[in-house]
Structures are given as C-alpha cells and as structure tokens.
Amino acid sequence: MPDLHTDVAIVGAGPAGLMLAHLLHAAGIDSVVIDNRSRDDIAATHRAGILEAASVRMLETPGIDSRVHSAGHRHDGIDVRVDGISHPLDFPSLVGESVWLYPQNEAFVDLAAARARTGSPTFYSVTDTRLADIDSTSPSVRAVTEDGEQLSISARYVVGADGSRSPSRASIPEASRQRFFHEYPFAWFGILCQAPPSHEVLIYSRSDRGFALISQRSADVQRMYFQADPGTDPDDWSDDRIWTELQARVAGPDGFELKTGPITDKVVLPFRSAVTEPMQHGSLFLAGDSAHTVPPTGAKGLNLAFADVAVLAPALVAALRDSDAEALARYSTTATKRVWKAQNFSYQMTRMLHTDPTADAFETKRSLGELTSLLDSEHGRRYLAECYTGWPHG
C-alpha cells in the first residue's frame, strides 16, 4: 500500500473523529481516519444516549443525513426523585432548550455512512498504531491494516480521538502533560432489559438505599442503573433481585412502579473522572475521551467530545486554508474551560445523588441539603437545567 499524504490524520473513528472528518471535508480539508475497532464493533457498542441541543445541531450539518429526529426522541426534562418524591425539571420553560435520546452507536452509524459517501480514506480494524514526529510540522501515523499491509500516513496535523486508553495521548511526553484523576468509591450496576419505558423522561433517584437511574434506549429496550460496590459480581444478582432493588430505590407515596421485563445484559461500571492538560502538543491535538472522561451522571461524555470538535474543526480550517494558526494555538485553553465546567457538574450531580460509603453522617446530610436547595429554588432548577442541556459551543 502506498504512503498516504493528507491534511489531517485522525486516530479514532468514533463519533468525535468522524464528526471532525465531516466538518473538515465540508470545508475542503482532506483527512484520513483510522480505528483499531471494526465498523461493526463500534456500531454495536451501546453507550451514552443523551445529546445536548448543540450536539443535535451538529448532527444536522448538511451531508450527515442523521436520523436523530426520526429515530431519536426529544426529552423536555428529567425527573429528580428524592426519597420517593418527584421533582420534575421542565427544560424549555427553564432555559428554552431540550435534549435528545439518541444512543451513541446510532450517531456513529449516521456519521460512518456520511464518511463513506465522501469516498475519503477510512481504515477500520487496524493494529499497531504509532505516532511519530508530533513535535514537528510533518507528523505521521503508522499502522497495520486489516489485510496485514503497512499503512503510513503523512499529515500536517494529527488528531487523537481514540478513547480513554488513547495511544495518541501516550505519545505526548510525560513531562509535557498533566493528568488529573479522581476515582469515586462506588460503581453503577447497569442492565439492559426488554420492556416499555417506565416514564416519559429519565429518572434520577436518590434514596437511603443509594442512587438509581431509570434511563431509556428505545420503545422496547431500556437501560437502568443502580449504585453498587465496585467489587460487585453481576452473576450474583438474579433478575428478581435486581428488579426488587431498583423498585425499592424509586418507590414513593405516589405509587410509582417500574415497567419490568427480561434482563438481557448486566455490567458493573467503575466511576472515574480524568482530564489531560494541555489537550495539544506540537502538531497533535486530543479530542473526546482521549483528553477527558466524566462519570455518566451528568450525560456529558459524547457532548464534550462534540464540543471539542466544534472548537477544533474551525481552528484547523483556519490554520490550513487561511494560514491563521492563532485559534489552533488556543484550542486547549478554549476547550478545557468547558471540560472543567462539565467535570464540576458531573461531580456535583454524582455527589448529590449517591450515597457515599466513605462519608460521615454530616456529609450525607449536607449533600442532601445541597440537592434540595437547588430543587426548591427556581434559580437552582434553572442552573441544573442549563448545565444538563449544555452551554454554547466555542
């Protein structure tokens, strides 16, 4: 296979990498995209499903032909239950925005199809990915294709959108990056089940038994979570035991009952937050999980990745098309402002809604006081709605 030359080499063909590639293509900037996963594997990976309005607007970009409005579902709020008492948040009335339930794998399917229509080079199932010369103006990416051929990509810039275990991030010298990390003392026990939705919006529930999230996937498949010890073995939990625990965490005087059905998947997810700064080094730029991860409580993962791309894409276009690299030099400074706002909101929601096994009685009561202070105040509800629906891009 001959060496490839392009403007931007993108490592990672998830939604962030493919969204970046699409925006660059629309501006006349060439890119080559690679990923160590197969296209089918990415399409079958079920992850975060809540999109901020700004993320939806990015999927509305001409040429993507996203199904977000036909297959997704607009949610005009969430329901925060505290000891069985519901506190609905109506987003349109509070901040004039909504969010959309549209799983990440469906966004990938849209973007992968859009990429294929352009005919631009995309390589799935590559191995042995290596970045070279990122300190220079002629960086390169090398890998082995699915067919076992050596692939060499020369570019002006490289973007690492290759997930939390990012080889791109690892290529930055340790002396040139700082990693901020926090691990929470609990995990989420997650299930997929065959059942109708239990409520028209997502339910975030705090009780003495711990946190529960009643989420959704489709009209007949639902995703639900409850707080658990990180060492929990899913195989120790029968379906009946899971449903009993979930119901106990949302039960209240209104008689609310979950819609139940066969459980098709069980998983325990650790809770971590991480941020790498700066999000750039030489000719390499990080975007999405390669630069930062958040706990899912605030629904910020994919939205943060899209927000990174919303800053990075026009900066790359300006640098490559107009020889103006000023915005590109400020990329990390601009992007991390939003990253830390999202980290704060995710941390705040996590701490307010979960029972911390390491906290004393004072902290448990204090965090409940923080939550009720926000829910009992119109300004507090507006703050929660603003953070959940997201801030302007850029």
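Visitor: Which residues lie nearest the centre of the largest cavity?
Guide: Welcome! In this predicted model, Ala-307, Asp-308, Val-311, Ala-335 and Arg-338 lie nearest the centre of that cavity. They belong to a lining of 10 residues.

Visitor: Why is this space called a cavity?
Guide: The name is used because a 1.4 Å probe fits there but cannot get out. The volume of the largest cavity is about 50 Å³. A search of the whole structure finds 2 cavities of 30 Å³ or more.

Visitor: What makes the lining of the second largest pocket a mix of classes?
Guide: This pocket holds about 180 Å³ of space, and 13 residues line it. By class, 6 of them are nonpolar, 5 polar and 2 charged. His-46, Pro-103, Glu-106, Arg-217 and Ser-218 lie nearest the pocket's centre. Glu and Arg count as charged and Pro as nonpolar, so Glu-106 and Arg-217 are charged, while Pro-103 is nonpolar.

Visitor: Which domains does that lining draw on?
Guide: Domain 1 (3-74 + 99-181 + 272-349) and domain 2 (184-271 + 359-389) each supply at least three of the lining residues.

Visitor: How do you know that domain 1 and domain 2 are in contact?
Guide: Contact means heavy atoms within 4.5 Å. By that rule, 23 residues of domain 1 are in contact with 16 residues of domain 2. The C-alpha centres of the two domains lie 30 Å apart.

Visitor: Now to the rings. How many aromatic pairs are there?
Guide: The count comes to 17 aromatic pairs.

Visitor: Why is the pair of Tyr-204 and Phe-211 called tilted?
Guide: Their ring centres are 6.3 Å apart, and the limit for a pair is 6.5 Å, so they count as a pair. Their planes stand at 45 degrees. Stacked needs under 30 degrees and edge-to-face needs over 60, so this pair is tilted. Both rings also belong to a cluster linked by ring pairs, with Phe-91, Tyr-184 and Trp-188 among the other members.

Visitor: What makes Tyr-204 and Phe-211 buried?
Guide: Buried means under 20% relative accessible area. Tyr-204 has 1% and Phe-211 has 0%, so both are buried.

Visitor: How do you know that the charged end of Arg-241 sits over the ring of Trp-237?
Guide: The distance part of the rule asks for CZ of Arg within 6 Å of the ring centre. For Arg-241 over Trp-237 the distance is 3.6 Å, so that part is met. The charged end of Lys-300 likewise sits over the ring of Trp-391, 5.3 Å from its centre.

How values were computed
Residues numbered from 1 in each chain as written. Predicted model: local features only at pLDDT ≥ 70, side-chain atom pairs only at ≥ 80, totals over all residues. Heavy atoms only, no water. 1 Å grid on protein atoms, 1.4 Å probe; cavity = no way out; pocket = protein on both sides within 12 Å on 5 of 7 lines; lining within 4 Å. Points joined across faces, edges and corners; volume = space filled by probe spheres on them. Domains from an automatic or database assignment. Phe/Tyr/Trp six-rings, centres within 6.5 Å; stacked < 30°, edge-to-face > 60°. Buried < 20%, exposed > 50% of the residue type's maximum accessible area, 1.4 Å probe, protein only. Lys NZ or Arg CZ within 6 Å of the ring centre and 35° of its normal.
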